[in-house]
Amino acid sequence: MHAQPTRTAPARQAWRQHLTASAAVLLTAVPLSLGIALACGAPLWAGLVAAAVGGLVAGGLGGAPLRASGAAAGLTVVTAELVQRYGWRATCAITVLAGATQLALGAARMARTPWVTRAVTENGPPIARGMLAGIGATIAVSRLHVVLGGRPGDSALEDLAAVPSQLIHPNVPVLVVGAATVAVLLAWPRLPVPVARWVRPVPAPFAAVAVACAVGLAVGAPRVSFTPWELQPVPTLPHGPVAEVLAAVATITLVASVETAAMPARALAAQGAANMASGLLGGLPVAGGTNDRWRPDRPLPEGDAAAEGGSPLPAVLYGTGALLCAALFMAAFTVVPAAALAALVMAVGVEMVRHAHRARPQGQGELVVYAATLGAVVLFGVLEGVTVGISITAFLELRKRWSGLRGRYAQAVTEAVGTHRCLPWTPWRDHHCTRPTETTQDDAAAGGSGRQLLGGVSAFQRNTAPLVRDELARLAREGQRPSQLFLTCADSRLVTSMITSSGPGDLFTVRNVGNLMPPPGSDSSCDSVGAAVEYAVDVLKVGSITVCGHSGCGAMQALLDLAASPAGHGLTAGEQTPLTRWLRHGRPSLARMQRIGRLGRGEVALAERLVTDDVERLALVNVVQQLDNLMAHACVARRVAEGSLQLQGMYFHVGEAQAYVLDRRSRTFSAVRPEVLDAV
C-alpha cells in the first residue's frame, strides 16, 4: 500500500532538481545570447535560437552537461566579421558547413585521437589557451567602446587607441548603465550570507540585466530593437573566394570545438548537429561551455550535479524555454539597454582571458607560444594567430631535437656505469644511489634492499624527474592514451620501456608469471588479466596487442618440471599452490609443444639460428598459444575483425639483448635489426 509514495518521491525530487537546474541556466543563457547576437550584428532572436538548439540538439543527442550548450561567445568577433563581409544568411550557411565538419569528425571518432584531444582541451596546449585569451581580449576591448557610448572599430588596435578619448568624452547614460551591470556582476558573489541565501538562486547575468533595465529607464539610455522571429529561408552560400569561405568554416569549427573543451566523439557529433540546425534556423554558432564562461561568482546551483551526470532532460527543458522566449517573448526584451548587454559580453571576454591564464605554462617554451598566439590573435585574427602559434611550436620542437636532449642523455647513461653515477638503466649494484645512512636491523636482514629502493627513488627525483616533469604534466592533464597493450612476463630482467624505446603514456603494460593470457571463463580468479585486456581494447582503444616471451623464463622451466614430475602429472596432481594453479593456464602451450614433437609439423622456429633447448622452444610456442587465447575474448575478436586491432608476438633473448618478432603465417621469429629503424 505504501510502495507507490516511496517510488514517486525520488521522481518528484529529480524533476524539481531538473527544473531548478534548467531554469538557472536559462536565466543565464537568455541575456548572454541576446548580448552575443547584438555584438555580432545579428538579429536578437538568433542568439536565442542558438541557445534553444544547443539545449535540444546538443544536450539531447550528445549527453553533454546542461551548461555545455549555447551561443558561442568565443565566435563573437569572427561572426561579426562574417556578417559584415557576407551578410547574415551567408553567415548561417558557413555555420551549417562548420557543423557538418564537426559532425564528420565526431562520426570518425577523431575526438578520441590523442593529438585532437590535446588540441581541443582548453587547459592543454598553449596554442589553444592563447587563442581563447586573444579572442577574449578582443571581445572585451570592442565591447568596452559600446559601454562607454561609442562604436567598436575595425581592429583591436584601433579600439585600444580610441579608449582614452572615449574615457574623456563618454556617453553618460550609457556609461551609467554599463557600470551598473558590471557592479552587479562583481558584487553578486560577494553578497552577505543572509542576503545571498535569498537571491543567489538568481544567476548574476540575469540580475545584472534586471538592475540595468531599471537604471536605463531612469537615465534614458538607448534600448535594443527587435524583429519577430520567423522560419528563415535556406541559407545561401557566400559569394567570394573559396579559400576565404573554407577559412571561415575552419575558424568556426576550431573555436567552437576548443570552447567545448575535451569532448567524446558523441558530444562532438552532437555539437556539429546543433550547429547545422542552428544555421538552418537562422541561429548563431553553438559551442559548449558558453553559459558558464561568465561565471566568476559561484558553482552551479544545487541540483545541477544531477544534470551533469548525463541526463538529457534538464538540457531539453532549458532548450524548450529558450525556444519559447525566441518565439513568444521577444517584445519583452525591448526594455533592455544595449549597454547592459555589451557590458555582459565584455565580462565574458574578461572571463575568457582569466580562464586561459589559470593553467600556468609548463616552462619558458609554452609561455612564448602562449604569448605569441595571444598577441597574433589580437593583432591579425584567429587563424593567423593559431598559425603563428603552430609555427613557433614547430620551431621550438625542431631546435630541441637538433640540440640532441636525447643524445646527450643516452651518452650520460652510458658513462654512468663506469663512473658509478645514479641514472636510469644502471643496475643498483653498479652505482651507489644511497648516501651513507644508518642501516636498520630489518633493512640489514633484507640485504639492504629497502635502502636500495629508496635510494633509486631519490636518484629519480634528483636526476630524472627534472627531465620528464613537463611530459608527465602533459599526461596528467590529458589522461592516458596508449597505442599498445604489452603483455609480458614479470621477470625482473625485462625492462619493457627500455627494449621498446617507449616513454610514459606509450604502453599499457600487463605483466604476470609466464606472460599467460587465460581464455575467458577458464577461472574466475584470473579475471584481472581479462579485465586489463577489455579495458585496453574497449576503453583505451589501443591499436595493437603484443605478447612478449623471453629466454630463461622460470615459468616455462616450471611447466616442464611439473610435467615431468613422478606423481602422475604435476600440473593436475599433488599439492596445489597459487603458483601451480596459475601455471595450469600454461598447459595448452605445453600440450601444443608436445603435439608438434609428436606429429612433426607446426614447428615454431627462429629464423637466424636453431632453438637452443626445450625452455626456449616452449617460450616460443607459448607466445603463439597466448595470441590464440586472446582471440577467444569477444572484444579482441571483434576489433580484429573490424581491422582496428593487430596482434603480434615477440620474443626477447636476455643474454643477446635481441628482440625477435613473430610471422604468424610461418610461425617463425625473426630478429629485429637496427637497420629497420634507420629505414623508417
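Arg 638 and Glu 642 lie four residues apart in helix H27 (residues 634–642), so about one helical turn separates them. The two residues form a salt bridge, with the closest N and O atoms 4.0 Å apart. Arg 638 is partly exposed, at a relative accessible area of 38%, while Glu 642 counts as exposed at 52% relative accessibility. Elsewhere, Glu 471, Arg 474 and Glu 478 are joined into one network by salt bridges that share partners. The model described here is a predicted one.

**Salt bridges**

Side chains of opposite charge can pair when their charged atoms come close. The count of salt bridges in this model comes to 13. Among them are the three in the table below.

| Basic residue | Acidic residue | N to O distance |
|---|---|---|
| Arg 85 | Glu 244 | 3.9 Å |
| Arg 617 | Asp 614 | 3.2 Å |
| Arg 638 | Glu 642 | 4.0 Å |

The side chains of Arg 85 and Glu 244 meet in a salt bridge. This pair links distant parts of the chain: Arg 85 belongs to helix H3 (residues 76–86) and Glu 244 to helix H11 (residues 242–259), 159 residues apart. Glu 244 is partly exposed, with a relative accessible area of 35%.

Arg 617 and Asp 614 are both in helix H26, three residues apart, so about one helical turn lies between them. Arg 617 is partly exposed, with a relative accessible area of 22%. Asp 614 is also partly exposed, and its relative accessible area is 43%.

**The sheet and helix H26**

Helix H26 (residues 614–631) also has a place beside a sheet: H26 lies across E5, E6, E7, strand E8 (658–663) and strand E9 (668–671). H26 runs at about 160 degrees to E7. The sheet is open and has seven strands, in the order E4-E3-E5-E7-E8-E9-E6, with mixed pairing. Its edge strands are E4 (507–512) and E6 (605–606), each of which pairs on one side only.

Strands of a sheet pair through backbone hydrogen bonds, either parallel or antiparallel. Strand E5 (residues 544–550) and strand E7 (residues 646–653) run parallel and are joined by seven bridges. In one case, Thr 546 has Gln 648 in E7 as its bridge partner.

**A pair of packed helices**

Two packed helices are described by the angle between their axes and the distance between the axes. Helix H6 (residues 126–147) and helix H7 (residues 156–168) have axes that come within 9 Å and cross at roughly 40 degrees. H6 and H7 are therefore oblique to each other. The crossing in which H6 passes H7 is left-handed. On the H6 side, the residues that meet H7 are Thr 138, Val 141, Ser 142, Leu 144 and His 145. Their counterparts in H7 are Ala 156, Asp 159, Leu 160, Ala 162, Val 163 and Gln 166.

**A buried alanine**

Ala 274 is found in helix H12 (residues 265–280). With a relative accessible area of 0%, Ala 274 is buried, because the cut-off for buried is under 20%. Neighbours within four places in sequence aside, Ala 274 is in contact with Val 53, Val 57, Ala 58 and Val 286. Ala 274 and Pro 285 are eleven residues apart in sequence, and their C-alpha atoms are 8.5 Å apart in space.

Conventions: Residues are numbered from 1 along each chain as its sequence is written. This is a predicted model: local features need pLDDT of at least 70, side-chain atom pairs count only at pLDDT 80 or more; totals for chains, interfaces and linings use all residues. Side-chain values use heavy atoms; hydrogens and water are left out. Two strands pair if DSSP finds at least two bridges between them. Helices (H or I, at least four residues) and strands (E, at least two) are DSSP runs, numbered from the N terminus. Contact means heavy atoms within 4.5 Å. Axes are lines fitted to C-alpha atoms, for helices over the stretch in contact, and angles run from 0 to 180 degrees between N-to-C directions. Buried means under 20% relative accessible area, exposed over 50%, partly exposed in between (1.4 Å probe, protein chains only). Angles under 35 degrees count as roughly parallel, over 145 as roughly antiparallel, 65 to 115 as roughly perpendicular and the rest as oblique. A crossing is left-handed if the near helix is turned anticlockwise from the far one by less than a right angle, and right-handed if clockwise.
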